[in-house]
Amino acid sequence: VIGAAAGGAALGAAAVAAAWRRRHASDQRRFAMIRGAAVIADTALSIPEVLARARELLVPRFAAECEFHVGDGRPTPAEDAATMVVPLRSRGRTVGTMVLRGSFDAGDREFAHLFGGRVALALENAGLFAELESLEAALGTLAEAVTIQDERGQLVYANDAAAAALGFESAEQLLATPPREIVDAYESFHEDGSPLRIEELPGRKVLAGLAPDPLLVRAVERRTGEERWRIVKATPVPGRGGRLAVNIIEDVTDVKRAEMAQRFLAAASAVLASSLDYEETLARIAELAVPRLADWCSVSVPEKDRMRSVALAHVDPEKVRFARSYQERFPTPLNAPTGTAQVLRDGVAQVMNEIPAALMEVADPEVREAIRELGMRAAMLVPIMSRERPIGVISFVMAESRRVFSPADLELASELARRAGTAVENARLYRERSRIAATLQRGLLPEELPRIPGLRLASLYRPAGPENLVGGDFYDAFPTAAGWMLVVGDVTGRGAEAAAQTGQARHTLRTAGTIVGDPAAALEQLNLALADRRVLTPCTVAIVHVTARTADVLCAGHPQPLLVRDGAARPVGHFGPILGAWPDSRWSPQPVELAAGDVIVLYTDGVTDARGARERFGVDRLVAALAGAADAAGAVSAIDGALSAFQRGAQADDTAILALDVT
Amino acid sequence: MEGGPVFSVSRRRAGDGVAVVAVGEIDLATVDAVRAEIDAARTETTLVLLDLRDVTFIDSAGVRLVLEGSRELAAEGGELVIVRGGPEVRRVFDLVGLDGRVKMVDEP
């Protein structure tokens, strides 16, 4: 707008001057005055300046006196022989009046009107400049940084916020700095971490005639390592010298940090909750922290007289190898005066945004070399607290990214360490609980399998996933008056309640079996005991009662045992009702004449129900796995191998296997 | 359960009773959903049909559910009727001796 108006004024002035020259060729003085007025109109002046300069041109060369009435409400004097009243009109609008006193002829009057037109234009332009000035004043007060670039990319305007954001003391200082230098002071990245090229900045794109989207930029100041997040928007405006780009730079560091912190902590919480193996958990936390929070992250815990690293992460595996071998050669002793050992003693976090020169002086030459090799710039050490005691240290290190740690980083790291501490505490409680469960579980199984003349036994017990408590599977082998009773059973349910029922079931069978010596009677005994309970407690059992060269096989709602003879497995035993459901249930044995080399396998449904990629393991696969099993131990390991190969995901149920072979 | 097949359970009126229709595998991971539907059906009627025709697998947790549902409905003077499932489900029911103890039908 300004440029167009000024250009118009210049053209107009030339035309007028040409006309004037034709009619008053001799009057060079008037021509010079009109030219002077055109210059006024084309110069950025305030309204009083325009009036003062116009007056200088007119008095005394053209008039004895000159006064201007511009929006001041003073009455305009009447026109007479010695007084000329000239309206100041521009683009059909009267902006004021010029009053000239002196002696004038008709030509003078015509000239005065032309001159008045130039003054009016100059006044209007001055008004526009004033508007721009007030725009500048408005931009100056904005919190957002605003800069304006000309076509060559040179900054022509910057407000105070822009100067502050880019680390300059004043807008003038910023404007005086070459653009390359301003850009080079920062290392800039896209949100995804890839480096940002100068041509990708929205301002550059605008100057290239494109309409860029706002861009999120992470800028790390090379000198201080301070990291800032900015949204840069650019819009084109036509200017006097061509296209201009107006950049609005919004600092979103706090918002971005808060958002990233939330996202990071949410991810960390998920990781911490995902495993009860705390070393594995800490290792994953270290992976998560890199490279967002730091270039390096390592977790160390005290072990004997030194700090042991349980996790070390960097985006480059080569560097991880280097650092690991370094850590192995130079472990930190627990009595080291500084570093992780100190943090572990004090339980107080440390932030070092400068690696102390003292460290470089005292350190071993190899240590110095390592620090140089890793390009360590800043370090932050945060204690992991569990039950208010430091149990480990998370170290964050900045190297190649040249960043330093802000107070917000320390806050985030401390929160992470707090959560890690809670997770470690949970893991400890879990291990304790697991130990109790394991103790309880052992009570459900025989201490060791008995030695039975003419028979060999083998067993396998695979409890469900580590996060599960005691399950309901059990097996037992005990002597009766007539021979040996082998039992495998499963009480539906999990946890302490199921464990208690399982223990009871096992002991009821053992007691009844030993005293009565009849497996069917033992099952009836257990069934009545379970049916008496108010809460339904279903239980399945398979019994093999070996007497001399015969095995009686009984099933109470339980999968049939498998007999492997001549290398082929087949189910044996009649189906019988599940225990604990109906008080009048009865069971009948199926006798099997045993031959040398026979293998009998009792198992729980954890085997057949195991889930693979698409299907359950099932009886057919079990039969196939047992093909060729020559003895009890071979049968058990064949099942274990087949199950391990087949199973996908966590094991959902306990698995118990008891096998015998006839020698 | 992670990686498990799709499971669903729904409930609809069926004659004088309410049918609970399960689709997929009934095991420790899904049994509570079936139980919830049976409990909801029991508030409306004493005749509950457990439709297992589209159930491809049932484990001991499912057996326990059938035994419990059957016992609870009988205590209220009602009945749990099983609409027989596929061979896999039938095999498990044969194994535990459910036939003759719980009413089973082939069609709802």
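A residue counts as buried here when its relative accessible area is under 20%. Keep that cut-off in mind as we walk through this predicted model, starting with the whole chain and then settling on one strand.

By that cut-off, 49% of the 663 residues of chain A are buried. The chain is built with 20 helices and 24 strands. Its contacts often reach far along the sequence: among those between residues at least 6 apart, 63% join residues at least 24 apart. On the outside, chain A exposes about 31300 Å², and carbon and sulfur atoms supply 55% of that area.

Now let's turn to strand β13 of chain A, which covers residues 378-386. How many of its nine residues are buried? Eight of them are, so the strand is largely enclosed by the rest of the structure.

Which strands pair with β13(A)? One of them is β12(A), residues 350-352, which runs antiparallel to β13(A) and is joined to it by three bridges. Within this pairing, M352(A) has A379(A) of β13(A) as its bridge partner.

Another is β14(A), spanning residues 389-398, again in the antiparallel sense, with nine bridges linking it to β13(A). If you want a place to look in this pairing, find M380(A), which stands opposite F396(A) of β14(A).

Finally, follow the chain from β13(A) into β14(A). These two strands form a hairpin with two residues between them. At this hairpin, R387(A) is worth a glance in your torsion plot, as its phi is positive, near 50°.

Key. Residues numbered from 1 in each chain as written. Chains lettered and ligands numbered in written order. Predicted model: local features only at pLDDT ≥ 70, side-chain atom pairs only at ≥ 80, totals over all residues. Heavy atoms only, no water. Buried < 20%, exposed > 50% of the residue type's maximum accessible area, 1.4 Å probe, protein only. Helix = DSSP H or I, 4+ residues; strand = E, 2+ residues; numbered from the N terminus. Pairing = 2+ DSSP bridges. Contact = heavy atoms within 4.5 Å. Areas by Shrake-Rupley, 256 points an atom, 1.4 Å probe, with all protein chains shown as cover.
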